[in-house]
Structure formats: structure tokens, C-alpha cells
Amino acid sequence: MPDCQQMNIAIAGSGNIGKTLARLWQRDPHLGLDVHFTGRDRIAPTVAAADILVLSVPWNAAADVLANAGDLTGKIIVDCINPVLPTLDGLSIGGNDSAAEQLQRLAPQARVVKAFNTLGWALLGGGYDGFYCGDDAGAKQQVATLVAAAGLRPVDVGSLRNARYLEAMAMLWIDMAVKQGRGPNFAFHLQDAHAAQ
Ligand SMILES: NC(=O)c1ccc[n+]([C@@H]2O[C@H](COP(=O)([O-])OP(=O)(O)OC[C@H]3O[C@@H](n4cnc5c(N)ncnc54)[C@H](OP(=O)(O)O)[C@@H]3O)[C@@H](O)[C@H]2O)c1
């Protein structure tokens, strides 16, 4: 397990993803991760004391959380959200935009990193690939540490613009797991190919 610098983390959304991340991050005190849930009524004081805000709420709640979060200057926002339609038939945002890019536009003073969105919550901690992307190198470095602390292999896939593809990847995962009946016990994996002879 990685040695983390002290990080104070506020988590908005204490459901499947938020609760599981909190459990994994708190399992070893040597990780130095101080985790607090914002609840619905204490968002601003919890975020004020944190360096990192994890958004693990439904997409339709995200703008409200940011509006109530107070000053986000310099803070890292870890966006786990998939803007999935209630029917699970697709994404409500796609193509040339993503939830993560919209969040960055809503909070331009923060540093958004997309992470933890491409696999089911029950696979967190299982050593699978944890894809992440963002535009701020320092923020990405800290999120890579959090990905490893959540028991995944950090895989940097580039700039925040690529969140549109990570969200599409999540939609593919959901379609395969739910619509195609494969179930939730699989994860996408990046494997380097051997150079062609
Ligand atoms: N489930 C997965 O495997 C998975 C995987 C990757 C990404 N994601 C994404 O992660 C996000 C969370 O998914 P989840 O499965 O953890 O959902 P969930 O179990 O339904 O939990 C959602 C949490 O958000 C809270 N919430 C809802 N509206 C809120 C608001 N206005 N302000 C503050 N908190 C609010 C809920 O509180 P209450 O309990 O009080 O309603 C709940 O704690 C979603 O965007 C989803 O697309 C999910």
C-alpha cells in the first residue's frame, strides 16, 4: 500500500461508491487519509476543512453540491459521477462534453480529476485498473495516490477532456453488466502489447 501524505478528504455522497472509498481509505491509519462525509447540510464546513472533495452523488445532485460547497479555490474535486440516464440506455451528456468538464466549468477555481467511474463499486479494492484523467499535474498525482490507496492500479489516461471517453467507457461497462446480463464482476484492463517484430 502506498505511503500517502496527510490528506483531508470530504466525500459528498455516502452511497455505494462514497462509503466504499471511505472504508478503503481509512483501513490503514498510516495512509494519512482523514475522511469526512459532507452530508446534505454540512457541505460548506466539511469542504472548507478539506483539500479534496469527492463527488459520489448522482449527476442531478452535483451542481447543487458545488453551489453549497463554498470556496473551492485550489481544491481537488474527484469526480466519480456517470451521467447515466435513469433507463440505463445511455448518457445524458456525451460526444464533445462530459460531466467532469461541466463540473470544471462550474468550479473553474478548483482542479477536477475524473476517477473511480469505470468499474462497479464492489470491485474497488480488488487490484483492477483505476483510470483517471485531469488537467492539473499536481492534482493528478494526489488522485493517483488515492486510486492506489483504494486498492486499484492507477492508470493516467490524459487530460480532463478524456473524461468524455471514461464516461462512455463506464456506459459500456453498465450496458455489458446490466443490459447484456454479464453481471458486475469484470473490469476493463490496460495491457501493453509487445512490439511487432
Ligand atoms: N454504483 C457504482 O458501481 C458506480 C460506479 C462508478 C461510478 N458511480 C457513480 O457514482 C455516483 C454515486 O453512485 P452510488 O452507486 O454510490 O449511488 P448511491 O448508492 O445511490 O449513493 C448516492 C449518494 O448521494 C447522496 N445524494 C443524493 N443527492 C444528494 C444531494 N443533493 N446532496 C448530497 N448528497 C446527495 C445520497 O444520499 P441519500 O442516501 O440521502 O439519498 C447517497 O448517499 C453516481 O454518480 C454514479 O454514476 C457509481
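**Helix H1.** I looked up which residues of H1, residues 16–25, are buried, that is, have 20 or more other C-beta atoms, placed from the backbone, within 10 Å of their own. They are Ile17, Gly18, Leu21, Ala22, Leu24 and Trp25. Seen down the axis of H1, these buried residues fall within an arc of 165° (taken over the directions from the helix axis to the C-beta atoms), so they line one face of the helix. I then noted that they pack against strands E1 (7–12), E2 (33–37) and E3 (52–55) and helix H5 (137–149). Helices (H or I, at least four residues) and strands (E, at least two) are DSSP runs, numbered from the N terminus.

**Model and numbering.** I recorded that this is a predicted model, in which local features need pLDDT of at least 70 and side-chain atom pairs count only at pLDDT 80 or more, while totals for chains, interfaces and linings use all residues. Residues are numbered from 1 along each chain as its sequence is written.

**Leu53.** Setting aside neighbours within four places in sequence, I found Leu53 in contact (C-beta atoms, placed from the backbone, within 7 Å) with Ala10, Ala12, Val47, Ala69, Lys75 and Ile77.

**Val113.** I located Val113 in strand E5, residues 111–115. Val113 is buried, with 29 other C-beta atoms within 10 Å. Leaving out neighbours within four places in sequence, its contacts include Ile76, Val78, Tyr132 and Val143. I also checked Val113 against Ala49: the two are 64 residues apart along the chain, and their C-alpha atoms are separated by 19 Å.

How values were computed
Two residues are in contact if their C-beta atoms, placed from the backbone, lie within 7 Å. A residue is buried if 20 or more other C-beta atoms lie within 10 Å of its own, exposed if 12 or fewer, and partly exposed in between; C-beta atoms are placed from the backbone.
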